Amino acid sequence: SYLYKLANGQKVVIVPKEGETFVKTYVNTGSMNEPDDKRGISHFIEHNLFNGSGGSDTNAWLKPGEFFQTVDKMGAETNASTSFAQTDYYVATNQLKKNDLATAIKIHAEMLEHPLFTFQMLEKEKGPVTSEISMILDDPENIATNNTLKNLYGIKSTSTDIIGGTVNNIKSLKRKDVVDYYRQNYFPGDMVTVVTGDVKPEDVMKLISNNFHSRKQPNANRKFETLTPIQKTVRNDLISDK
C-alpha cells in the first residue's frame, strides 16, 4: 500500500490490486460530534451530499439527482454510511471506459467539498431520513446496542438511536444548522481517502491533487461527546414485542 498526505492535511491510502476499483473517503465525524438537540444531523448530511454540488443553485456542477445518474452511466455503484465517530462515502467502478476513474474521483471530491444544501432538497430529504429512523427503532438489537453504549459511557441523550437521532430533531433542522455543522466537521485534516483496485498510485495522486482543493482548517467549535466510563455494573432489561 502507498500512504500520502496532501498539503491541506488530507490523507490518501492507495492499494493497487486486481478487481473493482473503490474510491472511498472516511470523514472523522459522526453522532459523537453532535449537540443532543441536533442528534442525527451527521446522518442527515450524509444523505444530502448526494443532492447536488459545485458552484451555486443556478450553476451547479452536479444538479440534484445527477450524481446517481453519472454513477449509473458508468455502470458503477455508490453508497455511504454514518456511525458514532465517522461518516464514509464511496464510488466503486469496474473502469469500463478510460476516463471512469477520473470521473469517479471528480464527482466524489465535488460532493465532499462543495455540497449545495438547497432548501428544497434538504426539506425533501427529511422524509427518507425520518422513515429510516422509524425503521431503526423497530430493531431490538440496535436498541440494545445503543442502551449499552449509553450505560457504558454515561451518555445522556433524548435519542433512542444515537446515530439516527429523533424524528423531531430532523424535522426541525434548518439550513443554517446543516451548513454550520458541515463547516465545523468536514475539512481535509479530518478526511482519509482510500483507493483500492486496478490503479497506478501516481495516476491516482494526480487525479486527487487536481480535484481536492479545500484549504479549510479545523473549527474550534467542534463538539466531542464527553465519555465517562462506568465504575459499577448497570443492569438494563429490554422488553420487546419483536
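**Cavities and a nonpolar surface patch**

The largest cavity has a volume of about 40 Å³. The structure is a predicted model, and a search of the whole of it finds two cavities of 30 Å³ or more. On the surface, a nonpolar patch of about 380 Å² is also present.

**Largest cavity**

- The residues lining the largest cavity are L112, E113, Y182, Y186, F187, P188, M191, S214 and K216.
- Sorted by class, this lining comprises six nonpolar residues, one polar residue and two charged residues.
- E113 and K216 are among the lining residues, and both belong to the charged class.
- S214 also contributes to the lining of the largest cavity.

**Second largest cavity**

- The volume of the second largest cavity is about 30 Å³.
- Its lining is formed by N48, N51, F117, T118, M121 and L122.
- Three of the residues in the lining of the second largest cavity are nonpolar and three are polar, with no charged residue.

**Nonpolar surface patch**

- The patch of about 380 Å² is made by L152, Y153, L227, I230 and V234.
- I230, one of the patch residues, is placed in the segment after α8 (201–211).
- The relative accessibility of I230 is 33%, so this residue counts as partly exposed, a class that lies between buried, under 20%, and exposed, over 50%.

Conventions:
Residues are numbered from 1 along each chain as its sequence is written. This is a predicted model: local features need pLDDT of at least 70, side-chain atom pairs count only at pLDDT 80 or more; totals for chains, interfaces and linings use all residues. Side-chain values use heavy atoms; hydrogens and water are left out. On a 1 Å grid over the protein atoms alone, a cavity is a set of points where a 1.4 Å probe fits but cannot get out, and a pocket is an open set with protein on both sides within 12 Å along at least five of seven lines; lining residues have an atom within 4 Å of a point. Grid points are joined across faces, edges and corners, and a volume is the space filled by probe spheres set on the points. Patches are made of residues with over 30% relative accessible area and no salt bridge: like charges are joined within 9 Å, nonpolar side chains (Val, Leu, Ile, Met, Phe, Trp, Tyr) within 5 Å. Accessible areas come from the Shrake-Rupley method with a 1.4 Å probe; for residues, only the protein chains shown count as cover. A salt bridge is a side-chain nitrogen of Lys or Arg within 4 Å of a carboxyl oxygen of Asp or Glu. Helices (H or I, at least four residues) and strands (E, at least two) are DSSP runs, numbered from the N terminus. Buried means under 20% relative accessible area, exposed over 50%, partly exposed in between (1.4 Å probe, protein chains only).
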